[in-house]
Number of protein chains: 2
Amino acid sequence: MAVAEDQDLKQYCVEVARRAKTASRQLAVLSGAVKNEWLRRGADRLQQQTEWLLQENAKDLAAAPGFGLTEAQADRLKLSPERIAGIAEGLQQVAMLPDPVGEVMQSSVRPNGLNVQKVRVPLGVIFFIYESRPNVTADAAALCVKSGNAVILRGGKEAAHSSKAIVDVLNQVGAEVGIPPDAVQLVSTTDRAAVGHFLALDEYISLAIPRGGEGLIRRVAAEARMPVIKHFSGNCHVYIDRAADPEMALQITVNSKCQRMGVCNAAESLLVHADVADKLLPPIASELERQGVQLRGDAKVQELVATAVAADEEDYRAEFLGPIMSVRVVDSLEEAIGLINRDGSGHTDAIVTSDLAAARHFADAVDSAAVMINASTRFNDGAEFGLGAEIGISTDKFHARGPCGLNELTSYKYVAYGDGQIRQ
Amino acid sequence: MAVAEDQDLKQYCVEVARRAKTASRQLAVLSGAVKNEWLRRGADRLQQQTEWLLQENAKDLAAAPGFGLTEAQADRLKLSPERIAGIAEGLQQVAMLPDPVGEVMQSSVRPNGLNVQKVRVPLGVIFFIYESRPNVTADAAALCVKSGNAVILRGGKEAAHSSKAIVDVLNQVGAEVGIPPDAVQLVSTTDRAAVGHFLALDEYISLAIPRGGEGLIRRVAAEARMPVIKHFSGNCHVYIDRAADPEMALQITVNSKCQRMGVCNAAESLLVHADVADKLLPPIASELERQGVQLRGDAKVQELVATAVAADEEDYRAEFLGPIMSVRVVDSLEEAIGLINRDGSGHTDAIVTSDLAAARHFADAVDSAAVMINASTRFNDGAEFGLGAEIGISTDKFHARGPCGLNELTSYKYVAYGDGQIRQ
């Protein structure tokens, strides 16, 4: 790209970010009623415009082979009346969630009579970078605006027409109900350099959220001058303690691995206590194999399961996202915890046990975003945890960890009410 | 520095960080009783070792002129029996605060019976970079360990002997009561390059906290690959609304500016509503002048206050940290809010008013860490807000905003208790 062009692009990005910042000031004091009216009317309007949305989506679908999309990727891109109804339903659900802005999270009256309140407020401007699913456009806009933030959406070029159509509908409705004009802006260029420009604008942008492959997330984390909510891979474990109920151990292991294999909270690694491995591992292995899962294990595992192949060290750290599972036999709870903290990814790890002390120690010592006691790893999810909609799952520990809903898109301020207090 | 030396230094930093990470795993599950015993016994031992601490401190004081320290800086460096008693008292106070680790911050039972708990946990390893006051060494160690974190302390070279003596005492007591050996590590080199090496080690270090001048904070923020709690300058405002009580307006303005001038929550800018400026500004200006404060103002201010000099745009954004105050007359509450959000630093801003609607709107619209309604800006402080000890004041919005106490040094995890739940 020529230097002059890059200067133009940079100027465009600064302008978008500056407008978003102005909108964020207005959004911070906007009533919940207006935000909810926008979400509900937006849901209706999207459904009314189904035909036009399908026409715009058809342009993306026609271009998909040219972008080298696989059939599965093109399918994720595809809209249908049912999928549009699903998007609308998502907006309705966000409208029903309580408004996080203004919540008094804590308060105390100091000895001098000062009433100190910790009040939830929006972060400001969120830069959301995602790949090709058009429904994410509507979800992200809904969650950001409901939490009082302006959002800059940077979707994949593969969904450019679909995303623009959705944002156009939402902005049309926004103008009708009184949402500030630049609350939701879709970046109009698909030039990759624009992302770099936005990531330097920490003066205007409070938070970047990349949603996509590991390459995208690493690039954003490396370049961003503002905080980033990151979601790295999930090598989730199930640990079967010596005090595990055999049937529960089987159900939880199989559900954690097989209920949906291609997702971050699916289990990739199984640890079994040596005292019960002889008895519990063979039936679990049979059921996993019946469901098409290949086991890769240590010597002891291969001894107990004829079809298991030898695992290498990489396998114990891998996120397979498919029909492979690593298995190890461990001598103690401590060994299991040590392996999970060393080889896991701090995402979701489960224990199956009827031993209270083991359960409590596992919950305390495993350093992961979610620890499951006698439950499937698949429950680490905003909806399953009762957060309402989620914008992603954080594998960070700072600010937000685990599923991120509306509250994770907020900050707070202290408001202190006095009647003339001065400091002595 | 030769390449080989830098490799050695880097290796040293990696080793310190790795050991801190190991210690942090042990600290995360350490009982509150052990941590409190360490703090209380540490307080006693520091007082018992007063004589030796003064000897070590004398070495720093002797070297101070060589480091080019001013007399005021050397005074901050100086220990005395009273100051050591103050450090010990600080440790006792941290011992009395409730243990943040393990607190159930929220919980819900899902329709399927899964009990989802959001549990407070330590962040992990904190890298704390500070300048020359030796008491900060003890404060930071106490707060980090009490919140279950390992800490890497990087103090100024000016206080090297004093800081080492304090850490030696705390580590001696730590070994007696069962604190992990590397919970508190003082960086043994004063080589500035070490800071850069640590800031790259996001694999081990969860958070960096720089405490010192703006140059240090900017350097850390620019280089750090982990999150940073930043504390930039405070251009705090007092806005006198048209509905202000005159005596309260005077008291709050003078206290905010003069009670202690060299601190971040002292007021630097005064805004007065045009409807009351004629009546209120002259007596306030007189009292400020009596206390040695020079006023720099707009034309209207100069008209009302003969001694006021003309302010330039820089003055309205400045953190003077001394006897100068910028003053403007504004036509409306909205104008005041706009100026505060534009020229302020998002630190602490106060309104004086008896108008409820004005107070509420100011609290909602001013985008600052602390908003004071009819109270001095000087109350934005961990102790005054009831947080107990504080490790600093954050001017960020992400994770921690305003005074940072124990809770701001923590993260959380989700722990879900089930009895065999699997996902459908």
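**Stop 1: strand E4 of chain A**

Start by selecting strand E4 of chain A, residues 150-154, in this predicted model. Both of its faces are covered. On one side you will find A:Ala150, A:Ile152 and A:Arg154, and on the other A:Val151 and A:Leu153, every one of them buried. In general, side chains in a regular strand alternate between the two faces of the sheet. Color the strand by burial and you get a simple result: 5 of its 5 residues are buried.

**Stop 2: the sheet around it**

Now add the partners of E4. Which strands make up this sheet, and in what order? Four strands of chain A form an open sheet in the order E5-E4-E3-E6, with parallel pairing. Strand E5 (184-186) and strand E6 (207-211) of chain A stand at the edges with a single partner strand each, so one side of each has no neighbour in the sheet. Look along the strands and you can see the twist: neighbours are turned by 20 degrees against each other on average, direction ignored.

Zoom in between E3 and E4. Strand E3 of chain A covers residues 125-130, runs parallel to E4(A), and is joined to it by 5 bridges. To see one of these pairings, pick A:Phe127, whose bridge partner in E4(A) is A:Ile152. Strands of a sheet pair through backbone hydrogen bonds, either parallel or antiparallel.

Next, show two helices that pack here. Helix H7 (residues 160-177) of chain A lies across E4 and E5 of chain A, and runs at about 155 degrees to E5(A). Helix H9 (residues 214-223) of chain A also packs on the sheet, where it touches E3 and E6 of chain A. The direction of H9 makes about 165 degrees with that of E6(A).

**Stop 3: the whole of chain A**

Zoom out until chain A fills the window. How many helices and strands does chain A have? There are 15 helices and 16 strands. The radius of gyration of chain A is 24 Å, close to the 22 Å that the globule rule gives for 424 residues, so chain A is as compact as a globular protein of that length. Its C-alpha atoms fill a box of roughly 70 × 65 × 45 Å along the principal axes. Of the 424 residues, 52% count as buried. Among the contacts in chain A with a separation of 6 or more, 72% are between residues 24 or more positions apart.

**Stop 4: the nonpolar cores**

Switch to chain B and select B:Ala141, B:Val151, B:Ile152 and B:Ala208. These are the residues with the most contacts inside the largest nonpolar core, which has 131 residues. Helix H6 (residues 134-146) of chain B gives the largest share of this core, 8 residues. Leaving aside neighbours within four places in sequence, B:Ala141 is in contact with B:Val151, B:Leu153, B:Val167, B:Leu170 and B:Val184. Another core lies apart from this one; it has 73 residues, including A:Leu30, A:Ala43, A:Val173 and A:Ala194. In soluble globular proteins, nonpolar side chains tend to be buried together.

**Stop 5: two residues of chain B**

Select B:Leu295, found in strand E9 (residues 294-297) of chain B. Is B:Leu295 buried or exposed? It is buried, because 21 other C-beta atoms lie within 10 Å. Not counting residues up to four places away in sequence, B:Leu295 touches several residues, among them B:Ala285, B:Leu288, B:Val301 and B:Met325.

For a contrast, pick B:Arg192, in the loop between strand E5 (184-186) and helix H8 (193-199) of chain B. B:Arg192 counts as exposed because it has 11 C-beta neighbours inside 10 Å. Draw a line from its C-alpha to that of B:His161, 31 residues away along the chain, and the separation is 17 Å.

**Stop 6: where the chains meet**

Finally, show both chains. Here, 52 residues of chain B are in contact with 52 residues of chain A. Helix H10 (246-258), helix H15 (356-365), strand E13 (370-375) and strand E16 (410-421) of chain B each give two or more residues to the side that touches chain A. E16(B) gives the most, with 11 residues. The copies meet through the same surface, because 100% of the interface residues of chain B are also interface residues in chain A.

How does one copy map onto the other? A turn of 180 degrees, with a shift of 0.0 Å along the axis, lays chain B on chain A with an RMSD of 0.0 Å. The two copies are therefore related as by a two-fold rotation axis. To find that axis from chain B, end your tour at B:His399, whose C-alpha is the nearest to it in that chain, 2.0 Å away.

Key
Residues numbered from 1 in each chain as written. Chains lettered and ligands numbered in written order. Predicted model: local features only at pLDDT ≥ 70, side-chain atom pairs only at ≥ 80, totals over all residues. Least-squares fit on C-alpha atoms with pLDDT ≥ 70 in both. Contact = placed C-beta atoms within 7 Å. Rg over C-alpha atoms; globule rule 2.2 N^0.38 Å. Buried ≥ 20, exposed ≤ 12 C-beta atoms within 10 Å, placed from the backbone. Core = buried A, V, L, I, M, F, W, Y, C linked by C-beta atoms within 7 Å. Pairing = 2+ DSSP bridges. Axes fitted to C-alpha atoms, helices over the stretch in contact; angles between N-to-C directions.
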